[in-house]
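Here is a walk through a protein structure, taken one region at a time. Keep the 3D view open and turn it as you read.

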Amino acid sequence: MIMLRDQIVFDLIQKELDRQEDGLELIASENFASKQVIEAMGTVLTNKYAEGLPGKRYYGGCEVVDEIENIARDRAKELFGAEWVNVQPHSGAQANAAVMLAVLNAGDKILGFDLSHGGHLTHGSSVNFSGKLYQPSFYGVEKETGMINYDHVLEIAKKEQPKLIICGASAYSREWNYKRLRAIADEVGALLLADIAHPAGLIARGLMDDPLDFCHIVTTTTHKTLRGPRGGMIMLREDFDNPFGLKTPKGVVRKMSSLLDSGVFPGTQGGPLEHVIAAKAIAFSEALSNDYMDYILQVKRNAAVMANRFIDKGYHVISGGTDNHLMLIDLRSKGEITGRDAENVLIKADITINKNMVPFDTRSPFVASGIRLGTAAITTRGMKEAEMEKVVDLIDDVLMNKDNESKIREIKDGVNSWMKDFPLYK
């Protein structure tokens, strides 16, 4: 089979590589996968359909992909200390969808972390399946502290009586009290789901508390701090009978692992992406290495330095700091600049962040009063504490000169030159 190379698309891919190499990548949910992770995603494994699980496929010819998927599962179990995993979800959102389909009925109540306080769309947002198929209620942070008040979570849980409580966030920089949340879930008879999509790498290497010690079910993405391919995963520390008495047509109560497997396929997905699962297997092996341990320690150190530098410059960092890789900054401490303004002007300087609502925001999500930043990607490039202070200084310089085009061009040129000292793919 001979086909002409699609130079239009490959030129755009090169353009994106140039953008990544030339600029400062500070979006908290992004990272740079290794060459071997990227290589695995571009292999002939993409040609293979493999609906079902290893050894239980609906297609023939799955002997090789069965081996690869089993390697991915075994490495994930070792990395997180899990008894059971499903590595097939295409994303963290798909993993959450599969869990809810497996353990809930349409119209059941769920209690999640408010999107406007740092939660995720799949934790009950009205525009998401989780808010359309189930009855959501929410908890958030305290206005004075920017932190979760677990007494308040208990009050809401007692009032709402949810079947599922969800913890985890996309813009919350503090540790979670999984033990307290499990006690709350037990008191109201709910399952507890931890979505650790953001801090998964920190948790895997023992730098943050382990939700598998207390939560019934844990979901994660495999990119972000894990630095793998874009994808999702579901985990159990120990398998257990489902607590809601959901039965098979033969009347048998099913184990949670069996329910979750069926929630993924055939519940929410068809054939798994075996080329991505191969890349997941490689990423899990990388995350078990000493080099990765050095990396993820530096991610956490860098975030702490960055947050403190912002505070020193008069910015309001929500909750006053960070325990993980990210921080949420309320720009109202700096006057009238909005999150959208900040995102747009920083892009002109090749500094990529995202606008983000802050707790009790008075602006819409499309404008927002805050920005979210993370250190996972720039740490992959080799940056350390001293560079974090320089990054903050550059951001502040841009924001304080947001209407000065020549100044912003000067900063952009400086960023592009500086990034040559931290090559992305040598």
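The tour below starts with a sheet, moves on to the cores and the cysteines, and ends with a few local oddities.

One thing to keep in mind from the start: this is a predicted model. With that said, let's begin with an open sheet of seven strands. Going across the sheet, the order is β4-β10-β9-β8-β7-β5-β6, and the pairing is mixed. At the edges you'll find β4 (84-86) and β6 (135-139). Each of these has a single partner strand, so one side of each is left without a neighbour in the sheet. If you look at how the strands sit against one another, neighbours are turned by 20° on average, ignoring direction.

Now zoom in on β7, which covers residues 164-167. On one side, β7 pairs with β5 (residues 109-113) in the parallel sense, over two bridges. Here L111 has I165 in β7 as its bridge partner. With β8 (residues 191-195), β7 also pairs in the parallel sense, this time over four bridges. I165 turns up again here, with L192 as its bridge partner in β8. A little further along, C167 is matched with A194 in β8. To get from β7 to β8, the chain goes through helix α7 (residues 178-188), making a right-handed β-α-β crossover.

Is β7 covered on one face or on both? Its side chains settle it. L164 and I166 on one side are buried, and so are I165 and C167 on the other, leaving both faces of the strand covered. Another helix worth finding is α4 (residues 92-103), which packs on the sheet. Helix α4 touches β7, β8, β9 (217-221) and β10 (232-236), and its direction makes about 155° with that of β9.

Next come the cores. In soluble globular proteins, nonpolar side chains tend to be buried together. In this model, the largest nonpolar core has 52 residues, and F80 and W176 are the ones with the most contacts inside it. What does F80 touch, leaving out residues up to four places away in sequence? The list runs to I196, A200, A204, D210, L212, L226, M233, M235 and R237. There is also a second, separate core, made up of 35 residues. Its members include Y315, L331, I378 and I408.

Back to C167 for a moment, since cysteines raise an obvious topic. A disulfide is a covalent bond between the sulfur atoms of two cysteines. How many disulfides does this model have? The count is zero. C167 has the sulfur of C215 as its nearest cysteine sulfur, 4.3 Å away. That is too far for a bond, because the two sulfur atoms would have to be within 2.5 Å. Both cysteines are buried, C167 with 1% relative accessibility and C215 with a relative accessible area of 4%.

Some local backbone features deserve a look too. Most residues other than glycine have a negative phi, and most peptide bonds are trans. Against that background, find the cis peptide bond that joins F265 and P266, where omega is about 10°. P266 lies in the loop between α9 (256-264) and α10 (274-287).

Then there are two residues other than glycine with a positive phi. For Q161, phi is near 55°, and the residue sits in the loop between α6 (150-160) and β7. For S319, phi is near 75°, and this residue belongs to the loop between β11 (316-317) and β12 (326-330). Are they buried or exposed? Q161 counts as partly exposed, at 44% relative accessibility, whereas S319 is buried, with a relative accessible area of 12%.

Last stop: E21, in helix α1 (residues 7-22). E21 is partly exposed, with a relative accessible area of 24%. What makes a good finish here is the pairing of E21 with K420: they are 399 residues apart in sequence and 8.0 Å apart in space, C-alpha to C-alpha. Leaving aside neighbours within four places in sequence, E21 is in contact with R381, M419, L424 and Y425.

How values were computed. Residues are numbered from 1 along each chain as its sequence is written. This is a predicted model: local features need pLDDT of at least 70, side-chain atom pairs count only at pLDDT 80 or more; totals for chains, interfaces and linings use all residues. Side-chain values use heavy atoms; hydrogens and water are left out. A nonpolar core is a set of buried Ala, Val, Leu, Ile, Met, Phe, Trp, Tyr and Cys residues joined through side-chain atoms within 4.5 Å. Buried means under 20% relative accessible area, exposed over 50%, partly exposed in between (1.4 Å probe, protein chains only). Contact means heavy atoms within 4.5 Å. Two strands pair if DSSP finds at least two bridges between them. Axes are lines fitted to C-alpha atoms, for helices over the stretch in contact, and angles run from 0 to 180 degrees between N-to-C directions. A crossover is right-handed if, with the strands pointing away from the viewer, the path from the first strand over the helix to the second runs clockwise.
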